[in-house]
Amino acid sequence: MTDVHRGTCDVANPISPSATVAILRLSDGLIEHLVLGDSVLVLDKADGGPLVVSDPREVIISRSYQSALKSVAKGSDEYHRILRDLRANRNQPGGFWVAKDDPRAADQAITGSCPVSELTGAVLLSNGASRIVDRFQLADWPGVMALLASRGPVEIIHRVRQAEARRSVAADDATIAHCTELDEALGRSDGV
C-alpha cells in the first residue's frame, strides 16, 4: 500500500502516517502474539497473574524529550523541531518501531507464544485504552481483566474518558479487543 503513495507523498518523512500493531494468532494449540509500537496485549493466564506484553521503546525514547518539550511554548517552531527530532527515531536502529513505510519493522516486533490451554482469555488495547493502568493508575492488570469479565470493554473506556476529563488530558484513541473462549476457537474447523 505504501508504494501507491510514494509518487504523491513523502512516505519516508518521520511524521508521515504510521500505526501501532497488536496481533493474536491461534495456530496448532498456541496463541502467538506480536506487538509493535505502543499497543498493549494482556494474556490472562489460568495459573498466576496476567502476562502483559508491550513494546516500551517509544516510551523510553520519548522520556528523554519531555523536559525539552516542556521548556518551550507548545506549538512554537522550537516545539515542532523537538517533535521532529523525536519522530526521527521511528524505524531506526536504537529507536522505536511502528508499521510505516519500512517492512523491516516487522522484524523488530515483540513476539512470543504460549499454549492456549494455559489461557482463560486475552485482550488487545490501544495506548489510549491502556491508560487505565499505565497513565491514570485506576486499576492494575488483574483488575482490568476482572472488570472486562464483569462489565466489558465499554466500562474500561468509560473510566479512561472520565479520567481524561477530570485531568484535562486530551482524549486518545481507546480501542479494546477482548478475546474469550479461546479453547472453543481451538476446536473450530476454519482455523480461527
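The following conversation discusses a predicted model, its sheet, a pair of helices and its largest pocket.

User: Let us begin with the sheet. How many strands form it, and in what order?

Analyst: In this predicted model, four strands form an open sheet, and their order is β4-β3-β6-β7. The pairing is antiparallel.

User: Which strands are at the edges?

Analyst: The edge strands are β4 and β7, the latter covering residues 176-180. Each of them pairs on one side only.

User: What is the average twist from one strand to the next?

Analyst: The twist averages 15° from one strand to the next.

User: How many bridges join β3 and β4?

Analyst: Strand β3 (residues 40-45) and strand β4 (residues 51-54) pair over four bridges, in the antiparallel sense. As an example, V40 has S54 as its bridge partner in β4.

User: And what lies between those two strands?

Analyst: β3 and β4 form a hairpin, with five residues between them. In the turn, G48 has a positive phi of about 95°.

User: Changing topic to helices: which strands does α5 lie across?

Analyst: Helix α5 lies across β3, β4, β6 (119-125) and β7. Relative to β3, α5 runs at about 80°.

User: How is the packing of two helices described?

Analyst: Two packed helices are described by the angle between their axes and by the distance between the axes. For helix α5 (residues 141-151) and helix α6 (residues 153-166), the axes come within 7 Å and cross at roughly 120°.

User: Why are α5 and α6 called oblique?

Analyst: An angle of roughly 120° lies outside the ranges for roughly parallel, roughly antiparallel and roughly perpendicular, as 65 to 115 degrees counts as roughly perpendicular and over 145 as roughly antiparallel. The two helices α5 and α6 are therefore oblique to each other.

User: Which residues make the contact?

Analyst: From α5, they are V144, L147, L148 and R151; from α6, they are P153, E155, I156 and R159. By class, this contact of α5 with α6 has five nonpolar, no polar and three charged residues.

User: Now the largest pocket. How much space lies in it?

Analyst: The largest pocket holds about 1400 Å³ of space. It is lined by 36 residues, and the closest to its centre are D38, E58, S62, N127 and D172.

User: Which elements give two or more residues to the lining?

Analyst: Those elements are β4, α2 (57-70), α3 (77-87) and α4 (131-134). The largest share comes from α2, with seven residues.

User: What classes of residue are in the lining?

Analyst: The lining of the largest pocket has 14 nonpolar, nine polar and 13 charged residues.

Terms used:
Residues are numbered from 1 along each chain as its sequence is written. This is a predicted model: local features need pLDDT of at least 70, side-chain atom pairs count only at pLDDT 80 or more; totals for chains, interfaces and linings use all residues. Side-chain values use heavy atoms; hydrogens and water are left out. Two strands pair if DSSP finds at least two bridges between them. Axes are lines fitted to C-alpha atoms, for helices over the stretch in contact, and angles run from 0 to 180 degrees between N-to-C directions. Angles under 35 degrees count as roughly parallel, over 145 as roughly antiparallel, 65 to 115 as roughly perpendicular and the rest as oblique. Contact means heavy atoms within 4.5 Å. Ala, Val, Leu, Ile, Met, Phe, Trp, Tyr, Cys and Pro count as nonpolar, Asp, Glu, Lys and Arg as charged, and the others, Gly among them, as polar. On a 1 Å grid over the protein atoms alone, a cavity is a set of points where a 1.4 Å probe fits but cannot get out, and a pocket is an open set with protein on both sides within 12 Å along at least five of seven lines; lining residues have an atom within 4 Å of a point. Grid points are joined across faces, edges and corners, and a volume is the space filled by probe spheres set on the points.
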